[in-house]
Amino acid sequence: MTGLPDYLPDDWKPTPEQLPRHVAIIMDGNGRWANARGLPRLYGHRAGVDNVRAVLEASVEFGIQYLTIYAFSTENWTRPTDEVNGLFQIMGEVIKSETEDLHRNGVCVRHVGRTTGLPEGLLVAIQQATALTKDNTRIILNVAFNYGGRAELVDAVRRMIADRIPAEQVTEALISQYLYTGGQPDPDLIIRTAGEMRLSNFLIWQAAYAEYYSTSTYWPDFGRDELRRALAAYARRQRKFGSVLTSC
Ligand code: IPE
Ligand code: IPE
Ligand code: MG
């Protein structure tokens, strides 16, 4: 589609036409990253959360408008309590320490997911970050935390019923509006680190026509160059949306 060669020149960057507007990342492999170093899993989570900054900066550099990161799923509650609490602690600390900087850099932070069950301190940190950055437009950073695609659909249906939406007014567009991501474009590209080939309940409605990219690299090691590779893979794809390409 793009005439991109198989090898990737060092200076290659996506053109505006090649660029996905919305990139979503399943940040997986923190535990294995730590395990490979003989460290406890929480060290991997710390390294993983620290890595968001580099990938966010690279996303801004490439011109991505929406970045959604999967940080904690509704199924991750089944992990040992120490790991869950440790993750909440790390997230709370990092949100607090990074909010001002994110704001200065024009990042709009949004939370996608449920608030139920999250500790008060973490909720306050999330609310402060989203309130402070709400009018920023350089990049939208959706943090999928306590997020599940099925829970999101359940919440959307509940809100539609609460709003007394008549059955005949329920359309695909309306359901999209009622999701946590209402008003945002669907992801064009979904990246999963650490090699698994599954969605794990991530953006199951919005991902209907997303392109997938999987890399064996663990999330804490996924940097600018890996993102560039994912964008290059995306630039080579032919998106057809169920139709027939006129050139075929
Ligand atoms: C992803 O890393 C982070 C979360 C799911 C919270 P994992 O913790 O799933 O890492 P692995 O898959 O065990 O290596
Ligand atoms: C998906 O990773 C969730 C996040 C990255 C937050 P998991 O490690 O929880 O997914 P599974 O269990 O391998 O499917
Ligand atoms: Mg995992």
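The space that ligand 2 takes up is the largest pocket of this predicted model. Ligand 1 sits in the largest pocket too, and a good way to get to know the structure is to visit these two guests in turn.

Let's begin with ligand 2 and look at its neighbours. Its shell is made of Ile26, Met27, Asp28, Tyr70, Ala71, Phe72, Asn76, Arg79, Arg192, Arg198 and Ser200. Sorted by class, these residues come to 5 nonpolar, 2 polar and 4 charged. Which part of the protein gives the largest share of this shell? That is strand β2, covering residues 66-73, with 3 residues.

Now look for the places where oxygen atoms of ligand 2 meet side chains. An N or O atom in the side chain of Asp28 is 3.2 Å from a ligand oxygen. Arg79 brings a polar side-chain atom to 3.2 Å from an oxygen of ligand 2, and for a polar side-chain atom of Arg198 the distance is 2.8 Å. How much of ligand 2 does the protein bury? On its own the ligand would expose 390 Å², and 78% of that is buried by the protein.

Next comes ligand 1. Around it you will find Met27, Asp28, Gly29, Asn30, Gly31, Arg32, Arg41, His45, Ala71, Asn76, Arg79 and Leu87. If you have just been looking at ligand 2, some of these names will ring a bell: Met27, Asp28, Ala71, Asn76 and Arg79 are listed around ligand 1 and around ligand 2. The shell of ligand 1 divides into 3 nonpolar, 5 polar and 4 charged residues. Two helices, α1 (30-36) and α2 (41-62), each supply at least two residues of this shell, and α1 gives the largest share, with 3 residues.

Here the backbone joins in. A polar backbone atom of Asn30 is 3.1 Å from an oxygen atom of ligand 1, while a backbone N or O atom of Gly31 lies 2.9 Å from a ligand oxygen. Arg32 takes part through its side chain, where an N or O atom is 2.7 Å from an oxygen of ligand 1. Taken alone, ligand 1 has 380 Å² of accessible area, and the protein covers 87% of it.

Finally, let's leave the ligands and turn to aromatic rings. A pair of such rings is described by how far apart the centres are and by the angle between the planes. The model has 11 aromatic pairs. Take the pair of Tyr209 and Phe241: why does it count as tilted? The ring centres are 5.4 Å apart and the planes stand at 45°, so the pair is tilted, because an angle that is neither under 30 degrees nor over 60 falls into that class. This pair also links distant parts of the chain, 32 residues apart. Tyr209 belongs to the loop between β5 (189-192) and β6 (211-214), whereas Phe241 is in the segment after α7 (224-236).

Conventions
Residues are numbered from 1 along each chain as its sequence is written. Chains are lettered from A and ligands numbered from 1 in the order in which they are written. This is a predicted model: local features need pLDDT of at least 70, side-chain atom pairs count only at pLDDT 80 or more; totals for chains, interfaces and linings use all residues. Side-chain values use heavy atoms; hydrogens and water are left out. A residue is near a molecule or strand if one of its heavy atoms lies within 4 Å of it. A polar contact is a pair of N or O atoms within 3.5 Å; within protein, one must be able to donate a hydrogen and the other to accept it, and residues adjacent in sequence count only if both atoms are side-chain atoms. Accessible areas come from the Shrake-Rupley method with a 1.4 Å probe; for residues, only the protein chains shown count as cover. On a 1 Å grid over the protein atoms alone, a cavity is a set of points where a 1.4 Å probe fits but cannot get out, and a pocket is an open set with protein on both sides within 12 Å along at least five of seven lines; lining residues have an atom within 4 Å of a point. A molecule sits in a cavity or pocket if more than half of its atoms lie within 2 Å of its grid points. Helices (H or I, at least four residues) and strands (E, at least two) are DSSP runs, numbered from the N terminus. Ala, Val, Leu, Ile, Met, Phe, Trp, Tyr, Cys and Pro count as nonpolar, Asp, Glu, Lys and Arg as charged, and the others, Gly among them, as polar. Rings of Phe, Tyr and Trp (its six-membered ring) pair if their centres lie within 6.5 Å; planes under 30 degrees apart count as stacked, over 60 as edge-to-face and the rest as tilted.
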